[in-house]
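Trainee: I should like to understand the terms used for this structure. May I ask how each of them is justified?

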Amino acid sequence: MQKLTLKKIARELDVSISTVSKALKDSSEISQDTKEKIQAFAKLYNYRPNNIALSLKNQKTKTIGVILPEIVHHFFTTVISGIEKVANQRGYTVIIGLSNESFEKEVTNIGKLANGSIDGFIISVSNGTQLKNDHHHLIETINQGMPIVMFDRTIDTVLCDKVVVDDENGAKMAVNKLLSIGCKNIGIITTRDHVNVGKLRTAGYMKAHKENDIEVNESFILKLEGRSEDKNRNEFIYNSVSAFLKENEEIDGIFAVNEKYALTAVKVAQNLGRKVPEHLKVIGFTDGVLSKFASPTLTVVSQHGKELGEQAAHLLIERLESKDQERPYQTIVVATELIERETTYSYT
């Protein structure tokens, strides 16, 4: 028989993982009959809790696992710098794993690191996980006694500490800026709704219109798939944005939910003979390196990634070192900031 896990016991006995975990800890929350059944099964098959059980509290590795959707995105590199700063200050080291936006790779990475190599995780979930809507690997990890802090891309139904960007208000701020400089027809380039940050930023776009008594033109909304591992991904984005702007020539402002979409909009507009910002003004979300050195430079909503990483590391380490097993979960919201550059300059 393969190594027995809480998940396998739960499946065999048709109970939840949480019930198995509590029964093996002799919790009073579980009925005596259920406890005896689970404990007998575990004993029969020689179950031994691994290092991510509560016994790990006395066997610290002083190492944090960080799972990222991708590494090339400037935002995630700033988050890592914040995590490493706090971790190193408090005597922890950091191991980084990449999901490459894949559910399967995310599950594999967590499984490999959760074998006693680390004390807890800081995770931004992959697009694949959000699309699949399968969170068993996260819930099981938490139930086995290993804390998780989610950042940026989070899942409401997974109970854990979280650090999030104020996506909705950041988007609303960007749209209000475009309106204030004379834009009448503002388009949005966003993700499909299963990507939570794209959904929130789209909500901010809609809210800004509503608060300004402007009816949203549905044809001004372009939703793109969020997968980044496709070989022809950049070509697909370019062609989609090109078709979008050709079909909606009246658009004079673009809010894009990430740097790539925003810079693609600038390039497409220029290739279509539309000057930026004279004919089209553009704002993107995330203050990356490309935004600063593009021509024209890109106006952005900054997510303050380093601060977000610092907050995530503090939350995880405080939970790891707390003696309070019932410590309530926290959600910290990091405010955004609009940084104006050439793509929204007014020329009169």
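Mentor: We shall take the sheet and then one helix.
The model is predicted: local features need pLDDT of at least 70, side-chain atom pairs count only at pLDDT 80 or more, and totals for chains, interfaces and linings use all residues. Residues are numbered from 1 along each chain as its sequence is written, and side-chain values use heavy atoms, with hydrogens and water left out.

Trainee: What makes E1 and E2 a pair?

Mentor: Two strands pair if DSSP finds at least two bridges between them. Strand E1 (residues 63-68) and E2 share six bridges in the parallel sense, so the definition is met. Within this pair, Gly65 stands opposite Ile95 in E2.

Trainee: In what order do the six strands of the open sheet stand?

Mentor: The order is E2-E1-E3-E4-E5-E11, with parallel pairing. Strand E2 (93-98) and strand E11 (331-334) each have a single partner strand, so one side of each lacks a neighbour in the sheet.

Trainee: Which residues of H5 are called buried?

Mentor: They are Phe103, Glu106, Asn109, Ile110 and Leu113; the term means under 20% relative accessible area (exposed is over 50%, partly exposed in between; 1.4 Å probe, protein chains only).

Trainee: Why are they said to line one face of the helix?

Mentor: Seen down the axis of H5, the buried residues fall within an arc of 130°, so they line one face. The arc is taken from the directions from the helix axis to the C-beta atoms.

Trainee: What do the buried residues of H5 pack against?

Mentor: They pack against E1, E2, E3, helix H6 (127-132) and helix H7 (136-143).

Notes: Helix = DSSP H or I, 4+ residues; strand = E, 2+ residues; numbered from the N terminus. Contact = heavy atoms within 4.5 Å.
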